[in-house]
Number of protein chains: 2
Amino acid sequence: MRETLFHQQLQFTRSFKKKLNEKLSTVGLFHSQWLLIYCMKKQQPVTLVEISNYLDVEKPTISRTVKRLEEQGLIEEVPSLDKREKRMHLTRKGEESYEEAQRIVTHFETGLMKEISDQDIETTLRTIQSLREKLYEEEIN
Amino acid sequence: MRETLFHQQLQFTRSFKKKLNEKLSTVGLFHSQWLLIYCMKKQQPVTLVEISNYLDVEKPTISRTVKRLEEQGLIEEVPSLDKREKRMHLTRKGEESYEEAQRIVTHFETGLMKEISDQDIETTLRTIQSLREKLYEEEIN
DNA sequence: CGAAAATAGTTACCTAGATAACTATATACC
DNA sequence: GGTATATAGTTATCTAGGTAACTATTTTCG
């Protein structure tokens with residue numbers, strides 16, 4: 001198995017998403033749909049561009065996932081003064097899904113981190129953040 | 001921005017893959033295709049199942065990417081005793097692509113890690129590996 | 001030996017990322 | 001006020017991940 005940090009990261013996130021998708025299937029959600037719902041819970045109503053910036057995912061991807069969540073009746077549009085934008089918020093059903101999913105995600109994540117020292121978590125978080133910054137600087141060049 | 005370790009991980013790998021895809025486009029490769037070529041360089045000839053196990057990616061995904069690399073003339077089949085399996089190895093052109101891509105990837109990765117202490121890299125690597133193990137144990141339950 | 005089980009790979013069909021090119025609306029500015 | 005530019009979102013099309021169900025071989029074992 002390749003020992004590189006980056007390789008390990010990629011492998012980890014693949015497995016992580018796969019596992020979380022399994023867990024979330026009990027609520028009928030996929031991992032990425034959960035992220036959108038999480039976003040909306042935090043800031044309602046929210047536009048697609050705001051979600052796109054927050055999650056750092058391109059607009060067409062957000063657009064597609066939003067459409068699916070709308071079809072599932074989890075989110076709905078809210079009238080806006082700016083006719084270009086599509087402001088969305090969670091429906092009653094969406095709020096319920098949020099609560100259920102939140103519990104699942106929290107349980108899953110805390111389970112994973114158990115037995116890893118706060119010190120190590122902190123170092124890892126800091127390292128990844130500085131790698132992200134580094135990537136962002138690359139962006140500019 | 002959400003502060004969770006896992007959220008940061010996902011964001012990082014997304015940006016990382018995006019950026020690496022850009023860099024690799026000069027060689028006409030995508031990040032995932034590079035991983036397959038890397039795999040083959042390390043062990044030739046190799047079967048799809050071996051690649052699947054090594055990269056921890058499901059067979060249909062490997063199957064599809066292999067088909068594309070074959071079409072590009074970077075890899076080719078090698079006769080095997082077991083008629084079920086498809087043993088592949090790099091063509092001359094594939095070897096050349098490997099060399100070019102290897103340079104690009106190494107340059108990109110070392111650039112990112114520069115300025116991060118060996119200590120932090122080491123802790124991060126160890127932490128991610130134990131998170132992966134944890135995920136794997138979950139698999140069993 | 002012959003039938004059952006395991007293994008290798010493929011096909012069909014989902015979700016989720018990306019880019020490029022488009023429409024519609026809003027803003028800037030001469 | 002009218003035109004140019006910027007912004008919000010969508011559509012089309014690509015790669016890449018996943019599962020389920022299939023075919024074709026090989027192995028196992030009674």
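**Close-up views of a predicted protein–DNA model**

**View 1. The loop at A:Glu115.** A:Glu115 sits in the loop between H5 and H6 of chain A. The model shown here and in the other views is predicted. Most residues other than glycine have a negative phi. A:Glu115 is not a glycine, yet its phi is positive, about 80°. The side chain of A:Glu115 also reaches the other chain, where it meets B:Lys134 in a salt bridge with an N to O distance of 3.2 Å.

**View 2. The contact between chain A and chain B.** Chain A puts 52 residues into the contact, and chain B puts in 52 residues. About 5,700 Å² of area is buried between the two chains, and carbon and sulfur atoms give 61% of it. Across this interface there are six salt bridges and 14 residue pairs in polar contact. On chain A, the elements that each supply at least two residues to the side touching chain B are helix H1 (5-24), helix H2 (31-42), helix H3 (48-55), helix H5 (92-113) and helix H6 (118-140). Sorted by class, this side of chain A has 20 nonpolar, 14 polar and 18 charged residues.

**View 3. A salt bridge from A:Lys18 to B:Glu58.** Side chains of opposite charge can pair when their charged atoms come close. Over all chains, the structure holds 20 salt bridges. In one of the salt bridges, the side chains of A:Lys18 and B:Glu58 meet at 2.6 Å, N to O. The pair joins two chains, because A:Lys18 lies in helix H1 of chain A and B:Glu58 in the loop between H3 and H4 of chain B.

**View 4. The axis between the two copies.** Two copies of a chain are related by a rotation about an axis and a shift along it. Here a turn of 180° and a shift of 0.0 Å along the axis lay chain A on chain B, with an RMSD of 0.0 Å. This is the relation of a two-fold axis. Which residue of chain A comes closest to the rotation axis? A:Thr124 does, with its C-alpha at 2.3 Å. Both copies use the same surface for their contact, since 100% of the contact residues of chain A recur in chain B.

**View 5. The protein around DNA strand C.** DNA strand C is surrounded by 26 residues, and the closest are A:Glu58, A:Arg64, B:Lys59, B:Ser63 and B:Lys86. Of the atoms of DNA strand C that come within 4 Å of the protein, sugar and phosphate account for 67%. Three places show protein atoms beside phosphate oxygens of this strand. At A:Arg68, a polar side-chain atom lies 3.2 Å from a phosphate oxygen of DNA strand C. At A:Lys83, a polar backbone atom is 2.9 Å from a phosphate oxygen of the strand. At B:Val49, a backbone N or O atom is 2.8 Å from a phosphate oxygen of the strand. Two or more residues of the surface near DNA strand C come from each of H2 and helix H4 (59-71) of chain A, and from each of helix H1 (5-24), helix H3 (48-55) and helix H4 (59-71) of chain B. H4(A) gives the most, with five residues. By class, this surface has seven nonpolar, six polar and 13 charged residues.

**View 6. The protein around DNA strand D.** Around DNA strand D there are 26 residues, of which A:Val49, A:Lys59, A:Ser63, A:Lys86 and B:Arg64 come nearest. Sugar and phosphate make up 66% of the atoms of DNA strand D that come within 4 Å of the protein. A:Leu48 has a backbone N or O atom 3.3 Å from a phosphate oxygen of the strand. A:Arg84 has a polar side-chain atom 2.9 Å from a base oxygen of DNA strand D, while a polar side-chain atom of B:Arg84 lies 3.4 Å from a sugar or linking oxygen of DNA strand D. The largest share of the surface near this strand, five residues, comes from H4(B).

**View 7. The cis peptide bonds before A:Pro45 and B:Pro45.** Most peptide bonds are trans. The bond joining A:Gln44 and A:Pro45 is a cis peptide bond, with omega about -10°. A:Pro45 is in the loop between H2 and strand S1 (46-47) of chain A. In chain B, the peptide bond from B:Gln44 to B:Pro45 is cis, with omega near -10°. B:Pro45 is in the loop between H2 and strand S1 (46-47) of chain B.

Key
Residues are numbered from 1 along each chain as its sequence is written. Chains are lettered from A and ligands numbered from 1 in the order in which they are written. This is a predicted model: local features need pLDDT of at least 70, side-chain atom pairs count only at pLDDT 80 or more; totals for chains, interfaces and linings use all residues. Side-chain values use heavy atoms; hydrogens and water are left out. Contact means heavy atoms within 4.5 Å. Buried area is the accessible area (1.4 Å probe) that two parts lose on being put together, summed over both. A salt bridge is a side-chain nitrogen of Lys or Arg within 4 Å of a carboxyl oxygen of Asp or Glu. A polar contact is a pair of N or O atoms within 3.5 Å; within protein, one must be able to donate a hydrogen and the other to accept it, and residues adjacent in sequence count only if both atoms are side-chain atoms. Helices (H or I, at least four residues) and strands (E, at least two) are DSSP runs, numbered from the N terminus. Ala, Val, Leu, Ile, Met, Phe, Trp, Tyr, Cys and Pro count as nonpolar, Asp, Glu, Lys and Arg as charged, and the others, Gly among them, as polar. A residue is near a molecule or strand if one of its heavy atoms lies within 4 Å of it. Copies are superposed by least squares on the C-alpha atoms of residues with pLDDT of at least 70 in both.
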